Amino acid sequence: MISIALKKIGYFLIDGEAEGQNYYGFDQEWFRTRWQRLSGCGPTAVSNILYYLGRSRSIPGLDRPVSRKESPDFMEDIWRHVKPTAMGIPNTELLCKGVQSYAKAKSLRIGTEPFEIPGFRCSRPDFGQLLLFLHSALSADTPVAFLNLDCGEEKILDSWHWVTVVSLEYEADGNAAIAEILDEGMKKEIDLNKWFRTTAKGGGLVRFHLSC
């Protein structure tokens, strides 16, 4: 098996309000309004990624640890730009546009690189290309936003939902692939190969490039 992971997964840890309580990344349930909690998975994934990149790259304004109490302010700042439509953020293009809006407002240089997984199986890239995309991003110590429009047989994933990929373990021939994701303030493992083979609607991934 080939394994690749972010170098400092501990940067995602967020102190909770109770003693000894902590979370891995942000949770969309921390948004303040019902609509935000319902549709905020995209902004939450972006919050996770910018939080990690800010801390790991010492980006001013993004580099300080945030507590559970402070998390809504951090997430709301990103929501103003990565703003869901009536259908949420159902494609990589809308997420990338939101990130570019945030970057412009904060005078940051943030690049985004999408990887599309069409719903029609005959139009999809080879699974090996998806693995290469993830491996390349994680090798560069960059989390990846992952959009799942239909979970197929991988029931750990929610459909029509963004999560954050932080590690990957896979066979070189692509017959097995397990991805570790952040979702709901927790680490979870998904069978990426099973998802790719059984999803009816596909989805996509977005890799970020950020520098001062």
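## Helix α2

Start with α2: 15 of its 17 residues are buried, so this helix is largely enclosed by the rest of the structure. Buried here stands for under 20% relative accessible area. Keep in mind that this is a predicted model.

In sequence, α2 runs over residues 41-57. From its first C-alpha to its last it reaches 24 Å, close to the 24 Å expected at 1.5 Å a residue. Right after α2 comes Ser58, with a positive phi of about 55°.

## The whole chain

Zooming out, α2 is one of six helices, and the chain has nine strands as well. With a radius of gyration of 16 Å against the 17 Å that the globule rule gives for 212 residues, the chain is as compact as a globular protein of that length. If you want a box for the C-alpha atoms, roughly 45 × 35 × 35 Å along the principal axes will hold them.

How much of the chain is buried? Buried residues account for 53% of the 212. As for who touches whom, take the contacts between residues at least 6 apart in sequence: 65% of them join residues at least 24 apart.

## Surface and charge

On the outside, the chain exposes about 9,800 Å², and carbon and sulfur atoms supply 50% of that area.

Charge-wise, there are 25 positive and 27 negative side chains. The centres of these two sets lie 6 Å apart.

How values were computed: Residues are numbered from 1 along each chain as its sequence is written. This is a predicted model: local features need pLDDT of at least 70, side-chain atom pairs count only at pLDDT 80 or more; totals for chains, interfaces and linings use all residues. Side-chain values use heavy atoms; hydrogens and water are left out. Helices (H or I, at least four residues) and strands (E, at least two) are DSSP runs, numbered from the N terminus. The radius of gyration is taken over C-alpha atoms; the globule rule is 2.2 Å times the number of residues to the power 0.38. Buried means under 20% relative accessible area, exposed over 50%, partly exposed in between (1.4 Å probe, protein chains only). Contact means heavy atoms within 4.5 Å. Accessible areas come from the Shrake-Rupley method with a 1.4 Å probe; for residues, only the protein chains shown count as cover. Lys and Arg count as positive and Asp and Glu as negative; His and the chain ends are not counted. The place of a charge is taken as NZ of Lys, CZ of Arg, CG of Asp or CD of Glu. The expected span of a helix is 1.5 Å times one less than its number of residues.
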